Amino acid sequence: MNTKRGATGRGRVAGLPDWDRCGVMGVVNVTPDSFSDGGRWFDTTAAVKRGLDLAAQGADLIDVGGESTRPGATRVDEEEELRRVVPVVRGLASEGVTVSVDTMRASVAARAVDAGALLVNDVSGGLADPGMIPAVAAAEVPFVVMHWRGFSEGMNSLAVYEDVLAEVTAELQARIDAVVSGGIAPERLLVDPGLGFAKNAEHDLALVARLPELRALGFPLLVAASRKRFLGRVLAGAADAAPPPARERDAATAAVSAIAAHQGAWAVRVHEVRATADAVRVARAVEGAL
């Protein structure tokens, strides 16, 4: 268990900056098929500029990914993922940006760390590639343990729970135990409930409502709700109404960011930074007034 607590009790992650509030992780998708902004930052130069813009808007770290994990997405091959990700990580790190790499492949994680990434954000929590945990342990960098039940192509069929909080908590604990047994130091771990991954809107909302109980696992919490389907479902209202497009869910994302910050999240992961950067700062000001 990570017993080192930050100034606001959110926890600290060895090897990463310590903020006095919920951090903001900006997303740069170097992909043609992301559910949110596929193709907009596919070029290396455009992706680096996007990351720098997000940092200027208030992102504390930038998460660079080269493989879409939206429901139904097919996997990109290793060589292509490396081609997409490594130059962007190197370009941002050379500008002094704190960079995270979003990958399920050990080889990509290792090359990204060599290029300057300080955090590995694996949505499978090390399940997709048996080489991931040893690679991260050897690199001595922080690691995100996310709740995950299977690859994107079949994840919707896995969204079956009797008690979503209890099951997600138990499955996260099992992964934490495996990751620590594999050599990654507990003080380098974060946990992520995996909103939208093998979960429907009801499941996602229940997890957001009970974030403090997930924090009871004892590790800093990363919340990644940005533009996801459950927000579209909420905004649509009626069950038979069409949800708004992903890029029209940023106000709803900022609302979840404020809730997560108030409930003690270490950081929130978002596609558009400015509104969320404002939201977490307001949440911190409210905490300070208590």
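This tour visits helix α5 and then the pair α9 and α10. The model is predicted, so local features need pLDDT of at least 70 and side-chain atom pairs count only at pLDDT 80 or more, while totals for chains, interfaces and linings use all residues. Residues are numbered from 1 along each chain as its sequence is written, and side-chain values use heavy atoms, without hydrogens or water.

**Stop 1: α5**

Select residues 164–181, helix α5. Helices here are DSSP runs (H or I, at least four residues) and strands are E runs of at least two, numbered from the N terminus. Now show V164, L165, V168, L172, R175, I176 and V179: they are buried (under 20% relative accessible area, 1.4 Å probe, protein chains only; exposed is over 50%, partly exposed in between). Look down the axis: the buried residues of α5 fall within an arc of 105°, so they line one face of the helix. The arc is taken from the directions between helix axis and C-beta atoms. Add β5 (143–146) and α6 (201–209), which are among the elements covering these residues. Then click G183, which follows α5 and has a positive phi near 110°.

**Stop 2: α9 and α10**

Select 250–262 (α9) and 274–289 (α10); their axes come within 8 Å and cross at roughly 30°. Axes are lines fitted to C-alpha atoms over the stretch in contact, with angles from 0 to 180 degrees between N-to-C directions. The two helices are therefore roughly parallel (under 35 degrees; over 145 is roughly antiparallel, 65 to 115 roughly perpendicular, the rest oblique). At the interface, T253, A254, S257, A258, A261 and H262 of α9 meet A275, T276, A279, V280, A283 and E287 of α10. Contact means heavy atoms within 4.5 Å. Finish at G264, just after α9, with a positive phi of about 95°.

How values were computed
Expected span 1.5 Å × (residues − 1).
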